[in-house]
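Visitor: Please show me the model. I want the reason behind each term, not just the term.

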2 protein chains.
Amino acid sequence: MSGVPARRQLKLGAYFTGSAVQGDSWRHPASDIDAAWNVQRYVSYARKLEAACFDALFFYDNVFAAADPATVAQSPQAPRWEPMVLLSALAMATERIGLVGSVSTSYSEPYNVARAFASLDHLSGGRAGWNVVTSTGGGENFNLDAHRDHGARYERAHEFVDVVTGLWDSWADDAFVTDKASGRWANPDKLRVLNHRGQHFQVRGPLNAPRPLQGWPVISQAGASEDGKALAARVGEMLYTAAQDIDEARAFYADVKQRAAALGRGPEQIHILPGVMPVIGRSQAEADDKWGELLQARDADVVLRALSSYASLGIDLTRLALDARVELPDEIPLTNSHQSRQKLLVDWIRKERPTVQQLYTRWSAGGHRMLVGTPQAIADDFEHWFSTGAADGFNVMFSSTPGGLDDFTQLVVPELQRRGLFRRAYEGRTLREHLGLARVPNRHFR
Amino acid sequence: MSGVPARRQLKLGAYFTGSAVQGDSWRHPASDIDAAWNVQRYVSYARKLEAACFDALFFYDNVFAAADPATVAQSPQAPRWEPMVLLSALAMATERIGLVGSVSTSYSEPYNVARAFASLDHLSGGRAGWNVVTSTGGGENFNLDAHRDHGARYERAHEFVDVVTGLWDSWADDAFVTDKASGRWANPDKLRVLNHRGQHFQVRGPLNAPRPLQGWPVISQAGASEDGKALAARVGEMLYTAAQDIDEARAFYADVKQRAAALGRGPEQIHILPGVMPVIGRSQAEADDKWGELLQARDADVVLRALSSYASLGIDLTRLALDARVELPDEIPLTNSHQSRQKLLVDWIRKERPTVQQLYTRWSAGGHRMLVGTPQAIADDFEHWFSTGAADGFNVMFSSTPGGLDDFTQLVVPELQRRGLFRRAYEGRTLREHLGLARVPNRHFR
């Protein structure tokens, strides 16, 4: 690795849903609508992001689809690509960008997950990342009557991660000697059988895969509930978070880094990347116009139905007039799905007392922050968050794809580069190298 | 689809273990030893096979690795690629060849499997095939004390296939209308929720993937036990079988096609491809020399240990002298692993009464037939089997990779083409088109 920058720089991830549409932007003229089954769309996005030196592209995922007619009719909530299959294809179409896939600890088996990421890491040349998710639903597709309970999901997630990383350490990096002359394929002293027997899993091992190129693929994590933060502090290396304002973001940032420090992990071992959706114009007026176009392309019902359902507000926003004020019940039952997102939304509504229209406008990015402005203004904002303890970088969500992606890579990235805040070329080859994270040594063979 | 051949032609599949070495050939000079972690090896094999117009390449798989020092030291039984991740990469590096992956019904969840194959089918342009396996072991890595019982595995496999195919039929082919003008994403009338509640699985659906391009990916199957044949007759479209002689092969062929006919399936709906490992020379003497070189590169202990273990003979072949006759106990307990392979081997030993050396020589291809000869002799053999009710084609195993692969594609394929027995160019684009199988209509929306 050469050319390591002298100063700390932003890390940038690109967020995708797996269907390439951000829920409510698919009707915009600059949005592709076939990216969930036409892989060439994603190949093109990945190559553009790589040309812009993004650290990683990141796939959200879920393991269910809604079946109610209104959602089916209007919301692009299905279909989506299976993340590992898609990322493997993108690995072949790119050379440097990190490839981060969400895979559920609630509805997968750790042996299968460990294998898949080990394979992805090898075939991508060390660019794999696993976004550890407990899922926001899906029990009905996995032999259960309901979604696994939130607390149990996180308990299972901790153990799941331990099993997967334990399996990755099955073989020393140099276990496979493959010496034709002597007939020695592997060195048995360089194998450690896991023999895991825990609360949720019984997994003997060894993994039938070589140790990943990065030691371990990068572990990312997105939960921001108490359970989520505990998991992030222990194992997360790249955190995708949601924050509506800088104070919230700083509090989260300090909290997680302190929790990690208490576990012996340095602040540089965890990159915190709040989600943000920029709408970019060469002037503020142009940005405002673009934002207006995006709002025009959206269906209020779709956004409000999604908000009502995924954050479990206890009210149906679609039944209210757009100019009505949102009145929440005093007691809102804790959701079993996305608890941190529910809290973010409820807190914001109680504080701002918005109309339905205001809520609809502000929360178009699924709880993530919107920035409508010039490349300079967006770079100013990024720099401010970055330099004042609110973020190590950003998880960028595009208001349309490819339109918003092109705007960001063509207008904002050069501005960040001009300021020395972002790389002009990749310094290394692996995702760990992009993030300045050390390769993980095998706990058994140093 | 154009240029369909006027006469019936052979179907050819290429068999890989996922580590690119056939167990005992890795020490041969013409064998790559890094194909389990260097994806460019498989890219090169896939492109050569595609240039030779092979119908499909096929990956064996398992979900465990042996940990005993002798096996670890000498046998390339680990590592191997996770098949879906590898096939997805190969889909991007090829354009026509079918991509068949083994995925276990014993140690996976049907929702995850249905998604992964739907994604692979879309990104490969309709070239995916699922080899339905119940696995020869692995329970220790999936929360069990032992491998699932053989009978229970097949019972589960039947239901697993029903759930997967049911999920593939969640959406009509034209469900996603994606009309920006009207805001209509999908047609709710074109969705059928599965609501499966069975003995082994409870899966509501719908799948969060579009219907596969082929309707259903091709379903292949390799079990030849009674349970295996029952499954093959019901759902198999491409069968990878093992047969040591033509009478056996004909009996199997007739049996399976009759069982299928009893279920209303025509003989052309099931392609039976016995495994065969050719060792090819321009003269018989050259072929014999090559065979000698292959034997020299092998370790008798490795082959005999593998045979003793996977077929559960009740004796340890490695403790016998090479010139000793193999004496089997009168009663051999039925294995819970690969029952049909055990039967094949035991029957052959009882009939032939071989020495250890003879057993070792004959069974180097893991129970598959060896053919040592000229391209003409091998083509004669293929033609004889093909035209007399023993095979619809062959699953070709390479004695070394790339050496044996190059010999086959450069010497045998042209001879088969010259005889009109094999295509000179792909007639279609999808694996179903290569196999002359109709696209599967959605059972709910015709």
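Visitor: What makes the crossing of α6(B) and α7(B) right-handed?
Guide: The direction of turn. A crossing is right-handed if the near helix is turned clockwise from the far one by less than a right angle, and left-handed if anticlockwise. The crossing of α6(B) and α7(B) is of the right-handed kind. Bear in mind that this is a predicted model: local features need pLDDT of at least 70, side-chain atom pairs need 80 or more, and totals for chains, interfaces and linings use all residues. Residues are numbered from 1 along each chain as written, chains are lettered from A and ligands numbered from 1 in written order, and side-chain values use heavy atoms, without hydrogens and water.

Visitor: At what angle do the axes of α6(B) and α7(B) cross, and what is that called?
Guide: The axes of α6(B), residues 226-235, and α7(B), residues 246-262, come within 8 Å and cross at roughly 50°. That makes the pair oblique. Angles under 35 degrees are roughly parallel, over 145 roughly antiparallel, 65 to 115 roughly perpendicular, and the rest oblique. Axes are lines fitted to C-alpha atoms, for helices over the stretch in contact, with angles from 0 to 180 degrees between N-to-C directions. Helices are DSSP runs (H or I, at least four residues), strands are E runs of at least two, and both are numbered from the N terminus.

Visitor: Which residues meet between α6(B) and α7(B)?
Guide: Glu226(B), Lys229(B), Ala230(B) and Ala233(B) of α6(B) meet Phe252(B), Asp255(B), Val256(B), Arg259(B) and Ala260(B) of α7(B). Contact here means heavy atoms within 4.5 Å. By class there are five nonpolar, no polar and four charged residues. Nonpolar covers Ala, Val, Leu, Ile, Met, Phe, Trp, Tyr, Cys and Pro; charged covers Asp, Glu, Lys and Arg; the others, Gly among them, are polar.

Visitor: Why are α4(B) and α5(B) called oblique?
Guide: α4(B) and α5(B), residues 150-168, pack at about 50°, with axes 9 Å apart. That angle falls outside the other classes, so the pair is oblique. The crossing is right-handed. From α4(B), the contact uses Pro110(B), Tyr111(B), Val113(B), Ala114(B), Phe117(B) and Ala118(B); from α5(B), Phe160(B), Val163(B), Val164(B), Leu167(B) and Trp168(B). Eleven residues are nonpolar, with no polar and no charged ones.

Visitor: How are α3(B) and α4(B) set: roughly parallel or roughly antiparallel?
Guide: Their angle is about 10°, with axes 9 Å apart. They are therefore roughly parallel. Met84(B), Leu87(B), Ser88(B), Ala91(B) and Met92(B) of α3(B) meet Ala116(B), Phe117(B), Leu120(B) and Leu123(B) of α4(B). The classes are eight nonpolar, one polar and no charged.

Visitor: Why is α3(B) called mostly covered?
Guide: Ten of its eleven residues are buried. Buried means under 20% relative accessible area, exposed over 50%, partly exposed in between (1.4 Å probe, protein chains only). The buried residues pack against α3 and α4 of chain A, as well as α1, β2, β3 and α4 of chain B.

Visitor: How do you know what kind of axis relates the two chains?
Guide: Chain B lies on chain A with an RMSD of 0.0 Å after a turn of 180° and a shift of 0.0 Å along the axis. That is the relation of a two-fold axis. The superposition is by least squares on C-alpha atoms of residues with pLDDT of at least 70 in both copies. Ala89(B) comes closest to the axis among chain B residues, at 2.5 Å (C-alpha). The copies meet through the same surface, because 100% of the interface residues of chain B are also interface residues in chain A.

Visitor: Is Thr318(A) buried, partly exposed or exposed?
Guide: Partly exposed: its relative accessible area is 27%. Thr318(A) sits in the loop between α9 and α10 of chain A. Beyond four places in sequence, Thr318(A) touches Asp301(A), Leu304(A) and Arg305(A).

Visitor: What makes His368(A) count as buried?
Guide: Its relative accessibility is 8%. His368(A) lies in the loop between α11 and β12 of chain A. Its contacts beyond four places in sequence include Thr241(A), Arg341(A) and Met397(A).

Visitor: What is notable about phi of Thr178(B)?
Guide: Phi is near 40°, a positive value in a residue other than glycine. Thr178(B) belongs to strand β5 of chain B. At 14% relative accessible area, Thr178(B) is buried.
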